[in-house]
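Good morning, and thank you for making the time. I should like to take you through one structure, beginning with a single residue and then widening the view.

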Amino acid sequence: MATGPMVKMDQLDKVEKEIVSCLYTAGQALAEIAKDKPSQKQIDLLVTQFMNSLATIDSSLTDHIRYLSQVSTGQPHEGSSYASQKVLQMAWHRLAHARTRVSELERLKGQHATRSITAAQRQALLQQQQLQQQQQQQQQQQQQESQGSQTTATSQQQSTSSTNTTTSTT
C-alpha cells in the first residue's frame with residue numbers, strides 16, 4: 001500500500017526531468033535561430049521535440065491533477081485520516097457550543113428567577129452560578145488538554161507509521 005504514493009512521486013520525478021529536457025530543447029532551438037545561418041531542418045526537429053515534450057508534460061500533469069482531485073473530494077483514501085480527524089474536531093466544536101448555549105440558558109433562567117426571590121436567595125444563587133461557571137471552565141481546560149494530548153498522540157502515531165513505511169520501503 002505504501003508503494004502508491006511512491007509511484008506517484010516517481011512519476012512526478014519523471015515529469016520534472018521531462019520539463020528540464022523540454023527547456024533544454026527550447027534553448028537549443030533558440031540558439032539555432034540566433035545563428036547567422038540557421039538550419040531550418042534542425043529548427044523544425046527541435047520545435048517538434050519541444051512540442052512532443054510539452055504534450056507529454058501536459059498529459060502527465062493532467063493525470064496527476066485528476067488523481068489529486070479524486071483524493072481531495074472526500075472519497076475514502078487509504079492512509080488518510082483527515083476526514084475522521086475533521087469529524088472529531090467538529091464534534092468537539094458542537095459539544096462546546098451546546099455547553100455554551102446551555103450555560104447561557106441557565107444564566108437567563110437564573111436572572112428570571114432572581115426577580116421573584118429574596119436578597120439571601122439571590123446571593124446563594126449567584127454563588128451557585130459562579131461555582132458552576134468555574135466547574136465548566138475547569139472541564140473545558142481539561143478537554144482542551146485532552147484534545148492536545150490526543151492530537152499529539154495522533155501526530156506521533158502518524159510519524160511512527162510514516163517512519164515504519166519509509167523503513168519498510170527501503
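Leu12 lies in helix H1, where helices (H or I, at least four residues) and strands (E, at least two) are DSSP runs, numbered from the N terminus. Leu12 counts as partly exposed because its relative accessibility is 33%; buried means under 20% relative accessible area, exposed over 50%, and partly exposed in between, with a 1.4 Å probe and protein chains only.

I should state that this is a predicted model, in which local features need pLDDT of at least 70, side-chain atom pairs count only at pLDDT 80 or more, and totals for chains, interfaces and linings use all residues. Residues are numbered from 1 along each chain as its sequence is written, and side-chain values use heavy atoms, with hydrogens and water left out.

Which residues join Leu12 in a nonpolar patch on the surface? They are Met6, Met9, Leu61 and Ile65, and the patch has about 450 Å² of accessible area together. Patches are made of residues with over 30% relative accessible area and no salt bridge (a side-chain nitrogen of Lys or Arg within 4 Å of a carboxyl oxygen of Asp or Glu); like charges are joined within 9 Å, nonpolar side chains (Val, Leu, Ile, Met, Phe, Trp, Tyr) within 5 Å. Accessible areas come from the Shrake-Rupley method with a 1.4 Å probe, and for residues only the protein chains shown count as cover. Helix H1 (3–34) and helix H2 (40–71) each supply at least two residues of this patch, and H1 gives the largest share, three residues.

Turning to the whole chain, there are four helices and zero strands. Of its 170 residues, 9% count as buried.
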